[in-house]
Amino acid sequence: MDETSTCPGQETPTTASGMGFFERYLTVWVGLCIAGGIALGKIAPGLAQSLDAMAIYSGDAPVVSIPIAICLFFMMFPIMVKIDFGEVVRAGKAMGPVALTIFINWAIKPFTMYAIASFFLGTVFLSMIGPDAIDYVKAPLGADIEVGATYGAGKAVMVDGVKMLEVPLWRSYLAGCILLGIAPCTAMVLVWGFLAKGNDGHTLVMVAINSLMMLVLYGLLGGVLLGVGQLPVPWKALLLSISIYVALPLATGYFTRRWLIATKGATWFKERFLHYLSPVTTTALLATLVLLFSFKGETIVANPLTILWIAIPLTIQTVLIFALGYGLSKAFGFSYQSAAPTAMIGASNHFEVAIATATMLYGLSSGAALATVVGVLIEVPLMLALVKFCLKTSGWFRDASEEPADNQELAQQ
């Protein structure tokens, strides 16, 4: 694979059509992980549990699974090291598209996700999921809950000597959807914007801005929406999750980037270092998914439509947010080169962070963790379809040559 860079800081490994080998077939890899994980759960049912038991404990509660933490760090680090945060300063010169993107990502998307997922999982599909079906999730970190006591929609019980919360299964799925809804813009959105022939500078800037805003808003919105959904709100675990899975790789990636460019040069960093680093995120993601599905294999085999029930609200949410971003971009007179990434950024999810947080908050075997993985499963084919839609409708918008001078400058950076 060759390294291409359409703007400073964007180093996305691509094939001839602009999409990396791993990214191109991500849905296939996820499908194989589902099959492999289910098979592993049947053949060696104790393996995943043994790995997850290698944890950092707070009292008698497992707080951080060490193998999963390692996998998830390597999911996040390659994303963060690619970001040139110097672009954030220059984003102020094109505040129209940037402001709309921020508004959709943080003021609209989390709440529409909650509403859509609640309606479908808690009403439309409730009889099929099972109104009495339950899930066991981790007890909130630091909460002193006696066995038999209620906490939100859950009840404290002992499972294999560990205190857990027994919650309605549909609410556990809802938690995973919420965590996806408050995690905007993954590194993959750089690929979607590139394929849609959008403004790569705008896309890159929003990846950086969302990474920084996530440090504050992810925990805040997550706590509020999980609480409204009557799910356990583990504030301490939320803060710990953000520290481990966002702040740590963010800081590590930033300083690693600076050090390597200073010592080896920008050319070596882009053409050598990132070339070998590129598959790391997907490899770590797939390793995590194998463990996840080794836990959830029995549930999926018993009810294979589970993934469908979760996928439907996630799909509706994605299309709705895309349409909102695309439509408002048209209404505000943005060029196509700004409209396409604005809609794509809102529609896509930072599923790496969502998976990491669901795993830490509720456990690798939880329905919440499964729901975040469904987000991975549907994102690639759905976003590729939206890319094709953008390309076919580019004539609805004016061209970037008519863009205000400040926006043109950002597009060229």
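Helix α6 (residues 95-124) has 30 residues, which at 1.5 Å a residue should span 44 Å; the end C-alpha atoms of α6 are 40 Å apart, which agrees. The model described here is predicted. Within its length, α6 bends by about 40° at Ile-108, and Pro-110 follows within four residues.

Helix α10 gives another case. A straight helix of 29 residues would span 42 Å at 1.5 Å a residue, but α10 spans only 37 Å between its end C-alpha atoms. A kink of about 55° is centred on Met-214 in α10.

The bends and spans of these helices are set out below.

| Helix | Bend and residue | Expected span | Span between end C-alpha atoms |
|---|---|---|---|
| α6 | about 40° at Ile-108 | 44 Å | 40 Å |
| α10 | about 55° at Met-214 | 42 Å | 37 Å |

The loop between α9 (188-195) and α10 (200-228) contains Lys-197. Most residues other than glycine have a negative phi. Lys-197, although not a glycine, has a positive phi of about 60°. Lys-197 counts as exposed because its relative accessibility is 62% and the cut-off for exposed is over 50%.

Turning to the interior, the largest nonpolar core has 93 residues. Trp-192 and Met-344 are the residues with the most contacts inside this core. Helix α16 (residues 367-392) supplies the largest share of the core, 14 residues. Another core, of eight residues, lies apart from it; Phe-73, Leu-260, Phe-273 and Leu-274 are among its members.

Thr-288 lies in helix α12 (residues 266-302). With a relative accessible area of 1%, Thr-288 is buried, because the cut-off for buried is under 20%. Thr-288 and Val-373 are 85 residues apart along the chain, and their C-alpha atoms are separated by 9.8 Å.

On the surface, Met-54, Ile-66, Ile-70 and Phe-74 form a nonpolar patch. Together these four residues have about 360 Å² of accessible area. Ile-66 is found in helix α4 (residues 66-81). Residues three or four places apart in an α-helix point the same way, because there are 3.6 residues a turn. Ile-66 itself has a relative accessible area of 36%, so it is partly exposed, between the cut-offs of 20% and 50%. That value is also over the 30% required of patch residues.

Conventions
Residues numbered from 1 in each chain as written. Predicted model: local features only at pLDDT ≥ 70, side-chain atom pairs only at ≥ 80, totals over all residues. Heavy atoms only, no water. Patch = residues over 30% accessible without salt bridge, like charges linked within 9 Å, V, L, I, M, F, W, Y side chains within 5 Å. Areas by Shrake-Rupley, 256 points an atom, 1.4 Å probe, with all protein chains shown as cover. Salt bridge = Lys/Arg side-chain N within 4 Å of Asp/Glu carboxyl O. Helix = DSSP H or I, 4+ residues; strand = E, 2+ residues; numbered from the N terminus. Buried < 20%, exposed > 50% of the residue type's maximum accessible area, 1.4 Å probe, protein only. Core = buried A, V, L, I, M, F, W, Y, C linked by side-chain atoms within 4.5 Å. Expected span 1.5 Å × (residues − 1). Bend = angle between axes of the 7 residues up to and from the residue.
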